[in-house]
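I opened a notebook page for a structure that is new to me. I wanted to look up two topics, the ligand site and the cysteines.

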Amino acid sequence: MSKFGEEWTRGYRDMLIEAGGRALADCNLHGEEIDALYVGTMAPGSLVGQEHIGALVADFMGLNPIPATRVEAACASGGVALRTGYLAVASGAHDCVVVGGVEKMTDTPGNEVASALGGAGDQEWELFMGATFPGIYALMARRHMLEYGTTREQMAAVAVKNHANAAKNKYAHFQNEITLDTVLKSKMVASPLTLFDCSPITDGAAAVVLMPLDKAKKYSEMPIEILASTQASDALALHSRHCMSELHATKVAVKKAFETTKLSPKDIDVVEVHDCFTIAEIMAIEDLGFCPKGQGGKFTEEGKTALNSEISVNTSGGLKGCGHPVGATGVKQAVEIAWQLRGQAEGRQVKDCEIGMTHNVGGSGATAVVHIMKRA
Ligand code: COA
């Protein structure tokens, strides 16, 4: 991956090509051996005025004439690109695929970024009426507080933990620890969510190489096996859902993933979840089955999601601490899990780490993608 953050000196394509180059170098792969490219990216047209991303990347990686395809699923673009690449290899259509994710967000004024991101919800019924993503997640937070007694302090504990992990990750956007007070006293964005309850606007890219396992073993001493790749959908607009305090698509996707692998939450050693807002991590750990519904706040406050505790959640720093260049996030989650499974997560290594999971969400929950991986 590229270093996430505010990138002033390099553009959209440079970051992706840097991440792609690192992925190729990691397994000593040469360009002519690649059969296809998939790139997850959410809104490059609105954010940097560039469309036709597949062709752009193939051209600048010197990979013409292989097929190169853009994948878009809002903030889950990276996760869905990974799944698309996985299906291409699993089906036998391609033997060697590179999956990238990228977004360049900080060159664009904040109100325009909010508008571009808001398009991932229901434009007519939400964004047009003024509901931005912090506003929509604030509604979910209020509902969760009402139904389960979740507190502001419990949400703030998510941000404190994720900044602590990010401080150990040299690729993270933020590398500073914070306290509960930092979160609680920071400026209000959409009540009850303050600045430090929100993931930031970030630039960055990530990439992975996918191959059938027997082939991967020839290229890498430490290949990672994808055991399950599942995806589910839900209503685009929050008001059309049967429940505002859970993400149903997450529950469906993870159920399929556990059925496929015959694993359960207890088998997972490390998980990267989609914490675009602190309440999102609380709902994610509940919906993925790491704690009972309604207990996510308490579970976090008790330190059970910290590094090397009951379940290590968001060791990269998550979207909150590592940053959220939307199209890159789902692929970055896979990179972090691969580093953890290989014992290469310097400074933040989960002990005896054998099975990991990624959970990437699009919009306010209309798309959810789950991957389960293990050391091959
Ligand atoms: N967490 C911590 N610090 C943050 C931050 C965040 N999420 N966002 C910005 N900052 C810091 C900046 O680094 C800057 O610090 P500095 O003054 O020391 O340089 C300061 O706060 C002001 O930054 P600015 O860019 O002016 O903030 P903003 O008010 O324009 O934007 C948010 C803040 C929360 C509105 C913006 O980050 C946001 O919209 N986040 C949500 C993104 C989103 O919806 N993603 C999709 C999820 S589904």
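I first fixed the residue classes: Ala, Val, Leu, Ile, Met, Phe, Trp, Tyr, Cys and Pro count as nonpolar, Asp, Glu, Lys and Arg as charged, and the others, Gly among them, as polar. The model is predicted, with local features needing pLDDT of at least 70 and side-chain atom pairs pLDDT 80 or more, while totals for chains, interfaces and linings use all residues. Residues are numbered from 1 along each chain as its sequence is written, and side-chain values use heavy atoms, without hydrogens and water.

Entry on the ligand. I sorted the shell around the ligand by class and got 11 nonpolar, 2 polar and 2 charged residues. A residue is near the ligand if one of its heavy atoms lies within 4 Å of it. Of the 15 residues around the ligand, I noted Lys187, Cys198, Ser199, Pro200 and Lys320 as those that come nearest.

I then looked up contacts of ligand nitrogen, taking a polar contact as a pair of N or O atoms within 3.5 Å. A polar backbone atom of Ser199 lies 2.9 Å from a nitrogen atom of the ligand, and for a polar backbone atom of Pro200 the distance is 3.4 Å. In the side chain of Lys320, an N or O atom is 2.9 Å from a nitrogen atom of the ligand. The ligand taken alone exposes 920 Å², and the protein buries 61% of that (Shrake-Rupley method, 1.4 Å probe).

Entry on cysteines. I looked for disulfides (cysteine sulfur pairs within 2.5 Å) and the count is 0. Cys75 is in none, and the nearest cysteine sulfur, that of Cys276, is 6.6 Å away. That is too far for a bond. I count Cys276 as buried because its relative accessibility is 5% (buried is under 20%, exposed over 50%, partly exposed in between, with a 1.4 Å probe and protein chains only). Cys75, at 11%, is buried too.

Key
A polar contact is a pair of N or O atoms within 3.5 Å; within protein, one must be able to donate a hydrogen and the other to accept it, and residues adjacent in sequence count only if both atoms are side-chain atoms.
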